[in-house]
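User: I'd like to practise reading contacts, strands and charge pairs in a model. Can you walk me through one?

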Amino acid sequence: MKRLLKSKAGVTVLEGVIALGLLALVTAGAFGVLLSASRQTTQPDVQEEMSWAVEKANTLLHAYAMYLGEDDDLRNMRSHLPEGLQDGLCGGDASPMSEGEHEIKCLLPPLCDSQQSEFTYKVGQIETDQYNITYEITCNGYTL
């Protein structure tokens with residue numbers, strides 16, 4: 001019995017502190033690698049969301065083109081449009097199919113920071129009933 005009490009098996013406080021310090025270093029390194037990997041995988045999601053926003057805007061603009069006949073001008077188009085689309089894609093734009101640049105920030109994906117992101121389209125008329133529309137979207141530093 002005396003041998004069991006006098007045996008020096010166990011861990012000293014210094015050894016325990018050193019072991020915990022090494023464990024903290026390894027854990028912090030692993031966490032850094034995982035965080036870096038997760039940031040790299042979010043980029044395709046942002047680009048995918050931006051593509052969906054452009055598709056949605058394009059679908060809504062097709063509604064304007066569909067209701068704009070050859071005999072209608074842009075001022076008369078409002079009476080032909082369904083409710084909710086009469087004031088442009090984001091409201092406040094009486095002629096969304098007129099030539100020039102139009103802002104549609106309200107169609108930005110939810111993951112985009114509205115302070116650092118922009119969403120616009122430019123309309124150029126090729127012929128009477130044909131338009132050339134170019135979209136530009138910037139979301140959290142990524143541009144599409």
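User: Let's start with contacts. Which residues does T120 touch, leaving aside those up to four places away in sequence?

Analyst: Keep in mind that this is a predicted model. T120 touches E101, H102, E103 and I104, and also T134, Y135 and E136. As for its place, T120 belongs to strand β2, residues 118-127.

User: Is T120 buried or exposed?

Analyst: Buried means under 20% relative accessible area. T120 has 11%, so it counts as buried.

User: How do I read the pairing of β2 with β3, and how many bridges join them?

Analyst: A general idea helps here: in a regular strand, side chains alternate between the two faces of the sheet. In this model, β2 and β3 (residues 130-139) run antiparallel, with nine bridges joining them. For one position, look at K122, which stands opposite T134 in β3. The two strands make a hairpin, with two residues between them.

User: What does β3 do with β4?

Analyst: β3 pairs with β4 (residues 142-143) in the antiparallel sense, over two bridges. T138 has T143 in β4 as its bridge partner. This hairpin also has two residues between the strands, and N140 takes a positive phi near 55 degrees there.

User: Now charges. How many salt bridges does the structure hold?

Analyst: The general idea is that side chains of opposite charge can pair when their charged atoms come close. The structure holds one salt bridge. In that salt bridge, the side chains of E101 and K122 meet at 3.9 Å, N to O. The pair links distant parts of the chain, with E101 in strand β1 (residues 100-103) and K122 in strand β2, 21 residues apart.

User: Why does E101 count as exposed, and why is K122 partly exposed?

Analyst: The cut-off for exposed is over 50%, and partly exposed runs from there down to 20%. E101 has 52% relative accessibility, so it counts as exposed. K122 has a relative accessible area of 45%, so it is partly exposed.

User: Last one: which residues form the nonpolar patch on the surface?

Analyst: That would be L14, I18, L22 and L25, which together have about 440 Å² of accessible area. Take L22 as a case to look at: L22 lies in helix α2, residues 13-67. L22 is exposed, because its relative accessible area is 52% and exposed means over 50%.

How values were computed:
Residues numbered from 1 in each chain as written. Predicted model: local features only at pLDDT ≥ 70, side-chain atom pairs only at ≥ 80, totals over all residues. Heavy atoms only, no water. Helix = DSSP H or I, 4+ residues; strand = E, 2+ residues; numbered from the N terminus. Buried < 20%, exposed > 50% of the residue type's maximum accessible area, 1.4 Å probe, protein only. Contact = heavy atoms within 4.5 Å. Pairing = 2+ DSSP bridges. Patch = residues over 30% accessible without salt bridge, like charges linked within 9 Å, V, L, I, M, F, W, Y side chains within 5 Å. Areas by Shrake-Rupley, 256 points an atom, 1.4 Å probe, with all protein chains shown as cover. Salt bridge = Lys/Arg side-chain N within 4 Å of Asp/Glu carboxyl O.
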